[in-house]
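Let's take a quick tour of this protein model, one piece at a time. Keep the 3D view open so you can follow along.

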Amino acid sequence: YEALDMLKYVFDAEPDFAPGEQWAYCNTNYLLVQMVLEHASDDTLTGELRRLVLDPLQLRDTFNELHETRPGGFGGLTTRGHEGYRGRNYDVTEFNESLGLADGGLISTAEDVQRFLDALLHERTLLRPDSLKLMYQFDRRQDYGLGLDRTRTAFGPSLGHSGDGAGFRSEARYFPEHNAYLVLLTTQTGNDLYE
């Protein structure tokens with residue numbers, strides 16, 4: 001599948017609200033970014049991620065599932081993902097809901113995620129200053145910027161993002177007041193990682 005295949009599902013949908021009136025998270029926006037990136041670069045999302053982010057940061061244990069070969073392949077994950085349904089727990093490791101598109105589809109380790117957060121938010125070497133400034137323009141109603149959220153915790157403010165898919169959940173946070181990181185990767189969805 002391509003990003004355009006998924007966007008066809010929303011072509012005729014009415015917007016939930018007029019621009020600027022409200023805010024809502026929507027994976028569709030990441031698919032639009034993917035299409036712009038692929039058109040501008042004349043390369044695939046996977047190729048550009050590898051060239052611009054993964055290789056320069058030496059993220060050797062991060063892969064775009066379905067589009068890159070990796071040791072063991074997608075089906076060779078040694079960590080199993082689980083979902084609860086009607087009181088039962090199911091192994092859903094082999095179920096792939098992201099299709100390797102820009103709204104998900106990365107497989108990584110806690111170490112690689114921390115290295116990414118460090119380059120993006122602490123060292124600030126991953127993006128140009130003007131691009132990073134745009135990420136920090138948080139919507140005051142949700143504390144969400146361009147792919148970055150701000151969460152207030154007992155340890156002070158944190159920056160990062162969460163993610164989940166069938167059987168897996170992640171939370172990646174940077175605490176600027178302490179120059180500390182917290183990366184949680186679980187093999188069970190439906191749990192509150194902050195709790």
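Before we start, one term: two strands count as paired if DSSP finds at least two bridges between them. With that in hand, strand β7 (residues 168-175) and strand β8 (residues 180-186) make a pair, since 7 bridges join them and they run antiparallel. Keep in mind that what you're looking at is a predicted model.

**The sheet as a whole**

- Strands of a sheet pair through backbone hydrogen bonds, either parallel or antiparallel.
- Here you'll find an open sheet of 4 strands in the order β5-β6-β7-β8, and the pairing is antiparallel.
- The edges belong to β5 and β8, each of which has a single partner strand, so one side of each is left without a neighbour in the sheet.
- Direction ignored, neighbouring strands of this sheet are turned by 25 degrees against each other on average.
- Helix α4 (residues 110-122) packs on the sheet, where it touches β6, β7 and β8. The direction of α4 makes about 140 degrees with that of β8.

**Strand by strand**

- Start with β5 (residues 149-153) and β6 (residues 156-165): this antiparallel pair has 5 bridges. To spot one match, look for R150, whose bridge partner in β6 is L159.
- Getting from β5 to β6 takes a hairpin with 2 residues.
- Next come β6 and β7, an antiparallel pair with 7 bridges. Here L159 turns up again, this time standing opposite Y174 in β7.
- The hairpin of β6 and β7 also has 2 residues between the strands, and its G167 takes a positive phi near 85 degrees.
- Then look across from β7 to β8, where Y174 stands opposite Y181. Another match is R169, which has T186 as its bridge partner in β8.
- The β7-β8 hairpin has 4 residues between its strands, and N179 in the turn has a positive phi of about 45 degrees.

**A helix you can check with a ruler**

- How far apart are the end C-alpha atoms of helix α2 (residues 28-41)? They are 20 Å apart, and this agrees with the expected span, because 14 residues at 1.5 Å a residue should also give 20 Å.
- If you try the sum yourself, note that the expected span is 1.5 Å times one less than the number of residues.
- Just after α2 comes D42, with a positive phi of about 60 degrees.

**A pocket to explore**

- The second largest pocket holds about 360 Å³ of space.
- It is lined by 13 residues, and the closest to its centre are P15, D16, C26, T28 and N29.
- Sorted by class, this lining has 8 nonpolar, 3 polar and 2 charged residues.

Technical notes: Residues are numbered from 1 along each chain as its sequence is written. This is a predicted model: local features need pLDDT of at least 70, side-chain atom pairs count only at pLDDT 80 or more; totals for chains, interfaces and linings use all residues. Side-chain values use heavy atoms; hydrogens and water are left out. On a 1 Å grid over the protein atoms alone, a cavity is a set of points where a 1.4 Å probe fits but cannot get out, and a pocket is an open set with protein on both sides within 12 Å along at least five of seven lines; lining residues have an atom within 4 Å of a point. Grid points are joined across faces, edges and corners, and a volume is the space filled by probe spheres set on the points. Ala, Val, Leu, Ile, Met, Phe, Trp, Tyr, Cys and Pro count as nonpolar, Asp, Glu, Lys and Arg as charged, and the others, Gly among them, as polar. Axes are lines fitted to C-alpha atoms, for helices over the stretch in contact, and angles run from 0 to 180 degrees between N-to-C directions. Contact means heavy atoms within 4.5 Å.
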